[in-house]
Amino acid sequence: MTNFVATCISGVESLVRGELERQDIQITYGQDKMAAFEWDMMTLTRANIWSRVANRIYIEVEKVDVTSLEMLFAVVESIDWSQWIPLGTPIIVSATTSRSVVTHTPSMQSLGKKAIIRSLMKGDDFWKENEHSHPIEVFLLLVNDELHVLINTSGDALHKRGYRTEAGEAPLKESLAAALVLFSGWKFRTPLYDPMCGSGTILIEAAMIARNIAPGLQREFDYLYFPWYDLPYHEKAIKEAREKIFAKSYQIFGSDRDEYMVDIACKNASRAGVLDTIQFREGDMGSVSFIPDSHIITNPPYGKRLWDENLEELYETLEQQILSNNLSGWVITSVEYFPKNQKNWTKKNLMNGAEKCQFWRKGI
Ligand SMILES: C[S@@+](CC[C@H](N)C(=O)[O-])C[C@H]1O[C@@H](n2cnc3c(N)ncnc32)[C@H](O)[C@@H]1O
């Protein structure tokens, strides 16, 4: 049976499963960094348009144990690629491997591509890719000696919603920002504040979640180029998504001490269609007067990518603000000196790009 596979960073699998299940999509299996679900054209379309937290959605054309490059070649060659890839389509093969006998990804890529071409050519000896056609990406994912042969239906990673054309030095990926909002359990009635908002990603994602704005409304997907894909499915899903947007108002606030970042945040929010839902202003985190019971989600500088001379002091002020105002506080960081008083806090480990971070929580 053909499955779809949604990939994600480690630690957010439950959120990915939740967002698929909310669309009545049946999960077939789940494992580290992925969730698989049943195949049909509308599911493919909705999963891409609505996934806030997943990295990409793939078609899983094969899943089988493989312990050598020879086996990998034979498995890939045995697939009937003609049903997925028209002759002449440029093919990009990417690969990753973990906890497996086969460890050399460049060989997986080059042998994988040879095997696909051999299968498509059926004995002909001349292969030419039409450089004007949209390429198809095949992803060979090997985990614990299990090979998943996947076709990328999303194209660019799903965190690229299209609204963030400008950012500061260390922006969060939009998908991670959405995951933080969902993990934090923010209730839409509660005031939400990011006092170090940078380019506004956390608040923009929160506003999109609150207003039920699908994250994929403004971008394109690779499935639109598949010859077997029926465009009316996409048109129907986009129309459906537009009709589901709420026009309610919320108390969502953001500030940053850098005027330039506030300007960028406003522009990003405007492109995302939520500028009227968020109030941004310039200001130092230490002098913010928070509305009682506010829910804080913030991503301060870590000192590795953004240089800051008084970082330890900054974190002390942040902790003080959250504790003395009795706020619900959620802080993603990798610094070891936050929080000072750990007994008030619980944490969840998350990767922010290549960096191991903790998402600290202080409930009210
Ligand atoms: C890691 S960035 C936040 C990135 C943001 N999450 C995004 O996705 O764009 C940290 C931000 O904290 C701001 N900042 C640092 N110290 C601050 C302070 N004392 N008060 C307010 N903002 C501050 C910086 O200007 C920077 O924009």
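**Close-up views of a predicted model**

**View 1. Leu 69 sits in helix H3.** This is a predicted model, like every other view here. Leu 69 counts as partly exposed because its relative accessible area is 23%, and partly exposed covers the range between under 20% (buried) and over 50% (exposed). For a sense of the fold around Leu 69, look for Val 102: the two are 33 residues apart along the chain, and their C-alpha atoms are separated by 6.7 Å.

**View 2. Ser 82 is in the loop that runs between helix H3 (69–77) and strand S5 (91–98).** With a relative accessibility of 43%, Ser 82 falls in the partly exposed class. Pick out Ser 119 as well: it is 37 residues from Ser 82 in sequence, and the C-alpha to C-alpha distance for this pair is 8.1 Å.

**View 3. The ligand is surrounded by 21 residues.** Which of them come nearest? Those are Ser 199, Thr 201, Asp 256, Met 285 and Asn 299. Sorted by class, the shell around the ligand holds 12 nonpolar, 5 polar and 4 charged residues.

**View 4. Here are three polar contacts to the ligand, from Ser 199, Asp 284 and Met 285.** Ser 199 puts a polar side-chain atom 2.5 Å from a ligand oxygen atom. Asp 284 also uses a polar side-chain atom, which lies 3.2 Å from a nitrogen atom of the ligand. With Met 285 the partner is a backbone N or O atom, found 2.8 Å from a ligand nitrogen atom. How much of the ligand does the protein bury? The ligand taken alone exposes 610 Å², and 94% of that is buried by the protein.

**View 5. The largest nonpolar core has 111 residues.** If you want a place to start, go for Trp 81 and Leu 140, which touch the most other members of this core. Which helix gives the most to this core? That's helix H6 (residues 201–210), contributing 8 residues. The core also takes at least three residues from each of two domains, namely domain 1 (3–152) and domain 2 (174–214 + 221–362).

**View 6. Phe 338 and Pro 339 are joined by a cis peptide bond.** Omega for this bond is about -10°. Most peptide bonds are trans, so a cis bond goes against the usual pattern. Pro 339 itself is in the loop between strand S12 (328–333) and strand S13 (346–352).

**View 7. Asp 145 and Asn 326 have positive phi angles.** Most residues other than glycine have a negative phi. Phi is about 65° at Asp 145, which is not a glycine. You'll find Asp 145 in the loop between strand S6 (136–143) and strand S7 (146–152). Asn 326, not a glycine either, has a phi of about 50°. The loop holding Asn 326 runs between helix H9 (311–324) and S12. How accessible is Asn 326? Its relative accessible area is 40%, so Asn 326 is partly exposed.

**View 8. Arg 56 belongs to strand S4 (residues 56–65).** The relative accessible area of Arg 56 is 23%, which means that this residue is partly exposed. If you're collecting distances, try Arg 56 against Val 262: the pair is 206 residues apart in sequence, with 30 Å between the C-alpha atoms.

**View 9. Tyr 260 is part of helix H8 (residues 259–272).** Is Tyr 260 buried or exposed? Tyr 260 counts as exposed because its relative accessibility is 54%, and the exposed class takes in values over 50%. Asp 40 makes a handy reference point here: Tyr 260 and Asp 40 are 220 residues apart along the chain, and their C-alpha atoms are separated by 45 Å.

How values were computed
Residues are numbered from 1 along each chain as its sequence is written. This is a predicted model: local features need pLDDT of at least 70, side-chain atom pairs count only at pLDDT 80 or more; totals for chains, interfaces and linings use all residues. Side-chain values use heavy atoms; hydrogens and water are left out. A residue is near a molecule or strand if one of its heavy atoms lies within 4 Å of it. A polar contact is a pair of N or O atoms within 3.5 Å; within protein, one must be able to donate a hydrogen and the other to accept it, and residues adjacent in sequence count only if both atoms are side-chain atoms. Accessible areas come from the Shrake-Rupley method with a 1.4 Å probe; for residues, only the protein chains shown count as cover. Ala, Val, Leu, Ile, Met, Phe, Trp, Tyr, Cys and Pro count as nonpolar, Asp, Glu, Lys and Arg as charged, and the others, Gly among them, as polar. A nonpolar core is a set of buried Ala, Val, Leu, Ile, Met, Phe, Trp, Tyr and Cys residues joined through side-chain atoms within 4.5 Å. Buried means under 20% relative accessible area, exposed over 50%, partly exposed in between (1.4 Å probe, protein chains only). Helices (H or I, at least four residues) and strands (E, at least two) are DSSP runs, numbered from the N terminus. Domain bounds come from an automatic or database domain assignment.
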